[in-house]
Number of protein chains: 2
Amino acid sequence: MNRIINDPDDVVEDALAGLRLAHPDLLAGTAHPRVIRVAGAGSAGRVGIVSGGGSGHEPAFVGYVGPGLLDAVAIGEVFASPTARAFQAAFKAADGGRGIACLYGNYAGDNMNVKMAVRLAAREGLDVRTVVANDDAASAPLDERGKRRGVAGEVLMWKAAAALAAEGADLEAVIAVAQKTIDATRSIGIGLTPCTIPAAGKPNFRIADGTMEVGIGHHGEPGIAVRAIEPARAMAATMMETVLPDLPFDRGDDVAVLVSGLGATPVMELYILYGHVAEILADRGITIRHRFVGNYFTSLEMMGVSVTITRVDGELDRLLGVKARSIGLTVTGDA
Amino acid sequence: MNRIINDPDDVVEDALAGLRLAHPDLLAGTAHPRVIRVAGAGSAGRVGIVSGGGSGHEPAFVGYVGPGLLDAVAIGEVFASPTARAFQAAFKAADGGRGIACLYGNYAGDNMNVKMAVRLAAREGLDVRTVVANDDAASAPLDERGKRRGVAGEVLMWKAAAALAAEGADLEAVIAVAQKTIDATRSIGIGLTPCTIPAAGKPNFRIADGTMEVGIGHHGEPGIAVRAIEPARAMAATMMETVLPDLPFDRGDDVAVLVSGLGATPVMELYILYGHVAEILADRGITIRHRFVGNYFTSLEMMGVSVTITRVDGELDRLLGVKARSIGLTVTGDA
């Protein structure tokens with residue numbers, strides 16, 4: 001295992017140390033070693049936005065802490081939920097006196113720990129409400145949407161909710177826009193190689209050479225099919241066949257598209273795939289209003305890609321374009 | 001080979017198509033299919049900034065086209081120089097009437113083609129001057145600096161020169177600041193895995209499991225030593241042992257640090273390494289004024305990292321902080 005680490009058990013602490021040294025203008029520590037809050041004034045006088053999840057998905061989650069995005073995150077071990085205490089501390093760190101929106105992904109550990117943290121926080125008088133992202137259309141049938149995993153769609157949910165919070169909206173309105181965003185969002189991933197958690201030292205799943213795992217999860221969860229590798233054009237079609245009918249996305253819709261590498265995918269290839277997705281949407285009469293292509297939500301050094309599509313109404317269109325600054329996503333508002 | 005491509009011979013065209021669809025606010029086409037210019041007003045009334053090089057290093061080179069950065073780039077096949085005609089067309093595309101600074105990396109093909117393009121452009125009345133980046137301290141001894149390769153230090157050279165050009169400086173001043181930046185810059189890479197050019201279908205070099213190639217080039221050029229994998233802390237020390245004495249960087253210096261993944265390195269690990277580099281510089285009494293950590297200059301899906309350090313005087317410190325927007329680097333000026 002050729003990796004840039006010290007003791008494999010220390011990767012989270014070592015990475016957090018580097019993150020804080022690299023971005024003192026964005027990130028600040030808290031009393032809890034696994035909670036990072038936004039540097040500066042923070043959320044005083046407005047709704048605080050919190051997320052959290054396992055490490056190894058960088059820039060998610062800590063890389064979305066910043067002005068116009070997350071106020072605090074709870075950080076877990078690699079591919080493991082943060083503790084309830086960490087979520088609770090993140091709520092405190094993001095408290096500006098008007099309640100906290102905890103916007104996170106649908107995984108058993110995160111659900112359990114967020115739920116416990118919300119109870120603990122309530123005893124301290126903190127009003128925390130949650131939205132659970134379940135945008136991965138490949139992870140369960142539509143009529144069992146509650147079982148679907150949250151993936152890169154979380155980024156767009158955070159962006160919209162944080163932009164509304166920055167405008168002074170109340171907790172109910174912020175929660176409503178987060179829910180609206182994720183309800184209008186569908187994602188799917190394709191995995192081409194596995195990844196290795198440093199403390200494990202070897203991949204915990206396999207993808208045979210010449211095959212791809214359609215619908216793979218961010219931790220290598222099995223997808224809907226293992227198929228022979230297709231040309232990029234066909235991969236895009238395969239992904240859109242699952243995603244578009246699911247919402248459904250229809251002629252005349254405005255959408256945001258986010259193409260995220262899973263870690264080891266060459267940037268060229270993310271753009272090759274984006275080009276084909278854009279062609280398919282144009283053919284269907286769907287208009288792309290916002291485009292994001294890069295490594296937004298990764299799985300260590302997994303090779304592969306996820307595509308996320310969000311239908312935007314006038315409000316979401318506006319909120320996604322509002323200025324924000326973070327490691328993972330910066331919107332200048334100049335475009 | 002599990003990759004997101006169509007015909008391996010089409011990867012450059014397919015990626016450019018996706019790039020242009022994804023970033024109409026940043027990138028515009030030209031009459032030459034391998035030349036991309038900045039969208040909008042461009043360089044009218046100021047010095048134009050041009051670069052170019054082989055594909056596969058994304059976001060370099062095309063990902064640095066944008067306001068406050070490059071005005072046009074010439075794009076080559078994967079790991080191969082653009083043609084002289086492409087460079088010539090990029091000069092034309094970047095011409096705003098006050099001359100063109102072509103700031104590129106020291107590779108035989110690029111040198112030959114840029115030289116030819118400058119002659120062709122001169123016949124058309126274009127005043128093009130060049131600076132050749134040779135920041136890779138591991139690629140040749142200091143007394144043969146002219147043989148050293150250009151690597152991620154190019155990004156900081158582009159940033160400084162473009163910021164000065166935006167202020168209305170003349171060609172001589174822009175060239176001088178580009179040269180000053182690269183003269184004050186040293187880089188080194190460590191390779192952990194090879195990469196595969198799609199059209200070749202297999203790696204053109206090997207790195208054995210458990211070993212690392214210190215001083216590796218962006219195309220897998222051999223470095224100064226093959227060693228057993230070290231902990232991240234020791235890797236940082238190894239890199240700084242080559243880089244710091246070379247300029248040399250001394251107590252009291254102000255610097256910019258850029259840590260770039262080579263493609264497949266988990267983001268966590270880039271920050272782990274950055275943390276150790278920052279510790280070493282702090283111990284030496286060197287102050288980090290600007291920090292960049294991410295995938296700035298890659299080699300397809302190579303795993304590994306490069307570290308670039310630039311000594312900044314007051315002028316460079318200021319120019320690196322000026323607002324700029326591109327796929328690869330956005331500086332908001334808010335920090």
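## Reading a predicted two-chain model

Visitor: Where should I start, and what is the strand order of the open sheet in chain B?

Guide: Chain B holds an open sheet of 6 strands in the order E1-E2-E4-E3-E5-E6, with mixed pairing. Its edge strands are E1 (27–29) and E6 (128–133), each pairing on one side only. Neighbouring strands are turned by 25 degrees against each other on average, direction ignored. This is a predicted model, where local features need pLDDT of at least 70, side-chain atom pairs count only at pLDDT 80 or more, and totals for chains, interfaces and linings use all residues. Residues are numbered from 1 along each chain as its sequence is written, chains are lettered from A in the order in which they are written, and side-chain values use heavy atoms, leaving out hydrogens and water.

Visitor: How do I read strand pairing, and in which sense do E2 and E4 of chain B pair?

Guide: Strands of a sheet pair through backbone hydrogen bonds, either parallel or antiparallel. Strands (E, at least two residues) and helices (H or I, at least four) are DSSP runs numbered from the N terminus, and two strands pair if DSSP finds at least two bridges between them. Here E2 (35–38) and E4 (72–78) of chain B are antiparallel over 3 bridges; B:Val35 has B:Ala74 as its bridge partner.

Visitor: Which strands does helix H2 of chain B touch?

Guide: Contact means heavy atoms within 4.5 Å. Helix H2 (84–93) packs on the sheet, touching E2, E3, E4, E5 and E6 of chain B. Angles run from 0 to 180 degrees between N-to-C directions, using lines fitted to C-alpha atoms, for helices over the stretch in contact. The direction of H2 makes about 160 degrees with that of E4(B). Helix H4 (153–166) of chain B touches E3, E5 and E6, at about 170 degrees to E5(B).

Visitor: How many residues of H7(A) are buried?

Guide: Buried means under 20% relative accessible area, exposed over 50%, partly exposed in between (1.4 Å probe, protein chains only). In H7(A), 14 of the 17 residues are buried, so this helix is largely enclosed by the rest of the structure. H7(A) is followed by A:Gly285, whose phi is positive, near 80 degrees.

Visitor: How are the two chains related, and by what turn?

Guide: Copies are superposed by least squares on the C-alpha atoms of residues with pLDDT of at least 70 in both. Chain B can be laid on chain A with an RMSD of 0.0 Å, by a turn of 180 degrees and a shift of 0.0 Å along the axis. That is the relation of a two-fold axis. In chain B, the C-alpha of B:Ala264 is nearest the axis, 1.9 Å from it.
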